[in-house]
Amino acid sequence: MPWLGCSGLPATKRSLPSLSAFHAAIGFELGIADIVPQASGIDAGELLGWFDHAERDLPWRRPEVTPWQILVSEFMLQQTPVNRVEPIWLDWVARWPTPSSTAAAGPADVLRAWGKLGYPRRAKRLHECAVVIATEHSDEVPREVETLLTLPGVGAYTARAIACFAYRQRVPVVDTNVRRVVSRVVHGSAENPARAGDLDEVAALLPDDQAAPRFSAALMELGAIVCTARKPRCGLCPLTECRWRSAGYPESSTPARRVQRYAGTDRQARGRLLDVLRASPAPVTRAQLDVAWLSDAAQRDRALDSLLVDGLVEQTANGLFALVGEGD
Ligand code: SF4
């Protein structure tokens, strides 16, 4: 398999067998990062050749999928893994294939269809986005990044992802995966904080021709399935030049972020309260909500308050609680 880049997984501070005694000595003087080969870019041929056979068959990548349906996938994929998004997305686009059909649904229906994807404010913003596209853009997702950025729930990443994946534009698409790959390959660094120059840097890596959108998709895919955060699978990497690998995988000086727990958090409490409301066709009493989270009454109150503030839940005139739009 000609795209195999190197043979093994990284070991912390491993030795550099490919360096000569001269380079090793000089490296001792200068710091090893000063003498290892520097990747000036990312080889498009290597990356695209790999992507041609490694690309995952994700439903939102199929040719018949519309820009709106790609936008829906981008909302759902924020902070949520592909395997959880896939079934929800398939049901969603079968039920609401266009912005106008989504806009015509009630916000409570949208929250129910969002299911257990988490971060349900995204569902509310997606519904608001559908309303704006249906009413102000003739039911067509805008093409230009500047216009996309005016839509509810669409930020710098999502606007460029839509321009790139839905409209095949040559724009830099920078998410955590892309930042990590670029930091490792180009800078030889395990650090990948968001930087002001990220967009310009990734734009400079894109091929000049019409392959740019596919290059962007391939770069994200490499970060998602090969150059992963915790255990990069360098033995499967198509890139022959990677400065981080050449430097012997120098460690990050930033302490590793702890994995966010979910059990016992306000997020879990909010989810439990929403579960009660999703399952009920009519407004519920406070007592019905209370039994969903018995372990900490103050936390339950805080969770309910935040759901009301976020506009996901509303209170009826007689003090009952309902999903937004169902409290009349
Ligand atoms: S890009 Fe990532 S997976 Fe590829 S060699 Fe570098 S560290 Fe390893």
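The protein chain contains 16 helices and two strands. The model described here is predicted. Of the 328 residues in the chain, 33% are buried. Among the contacts with a separation of 6 or more, 69% join residues that lie 24 or more positions apart in the sequence.

The largest nonpolar core comprises 75 residues. Within this core, Leu47, Val72, Ile162, Val178, Val185, Leu219 and Leu273 touch the most other members. Two helices, H12 and H16, are considered in turn below.

Helix H12 spans residues 212–225 and therefore has 14 residues; at 1.5 Å a residue its expected length is 20 Å, and the distance from its first C-alpha to its last is close to this value, at 20 Å. H12 is mostly covered, as 10 of its 14 residues are buried. The buried positions are Ala212, Pro213, Phe215, Ser216, Ala218, Leu219, Met220, Glu221, Leu222 and Gly223. One of them, Leu219, is also listed among the core residues that touch the most other members. The buried residues of H12 pack against three helices, namely H2 (44–54), H9 (156–165) and H10 (176–187).

Helix H16, formed by residues 297–309, has 13 residues and reaches 18 Å from its first C-alpha to its last, close to the 18 Å expected at 1.5 Å a residue. Its buried residues are Arg300, Ala303, Leu304 and Leu307. These residues lie on the same side of H16, because they cover an arc of only 95° around the axis. The face turned away from this buried side carries the exposed residues Ala298, Asp305 and Val309. The buried residues of H16 are covered by elements that include helix H14 (266–279), helix H15 (286–290) and strand S1 (313–315). A contact partner of this buried side is the core residue Leu273: leaving aside neighbours within four places in sequence, Leu273 is in contact with Ala303, Leu304 and Leu307, as well as with Leu289, Ala292 and Trp293. After H16 comes Gly311, which has a positive phi near 75°.

The ligand is surrounded by 14 residues, of which Cys227, Pro232, Cys234, Cys237 and Cys242 come nearest. By residue class, the shell around the ligand consists of 11 nonpolar residues, one polar residue and two charged residues. Helix H10 and helix H13 (243–246) each supply at least two residues of this shell. The most is given by H10, with three residues. H10 thus takes part in two settings, since the buried residues of H12 pack against H10 as well.

Backbone angles were also examined. Most residues other than glycine have a negative phi. Two residues other than glycine are described here with a positive value. Tyr119 has a positive phi of about 45° and is found in the loop between helix H6 (107–114) and helix H7 (121–136). Tyr119 is partly exposed, because 16 other C-beta atoms lie within 10 Å, a count between the limits of 12 or fewer for an exposed residue and 20 or more for a buried one. Arg168 likewise has a positive phi, near 55°, and is found in the loop between H9 and H10. With 12 C-beta neighbours inside 10 Å, Arg168 counts as exposed. Both residues are thus located in loops that connect helices, Tyr119 between H6 and H7 and Arg168 between H9 and H10.

Methods. Residues numbered from 1 in each chain as written. Predicted model: local features only at pLDDT ≥ 70, side-chain atom pairs only at ≥ 80, totals over all residues. Helix = DSSP H or I, 4+ residues; strand = E, 2+ residues; numbered from the N terminus. Contact = placed C-beta atoms within 7 Å. Near = placed C-beta within 6 Å. Nonpolar A, V, L, I, M, F, W, Y, C, P; charged D, E, K, R; others polar. Arc of directions from axis to C-beta. Core = buried A, V, L, I, M, F, W, Y, C linked by C-beta atoms within 7 Å.
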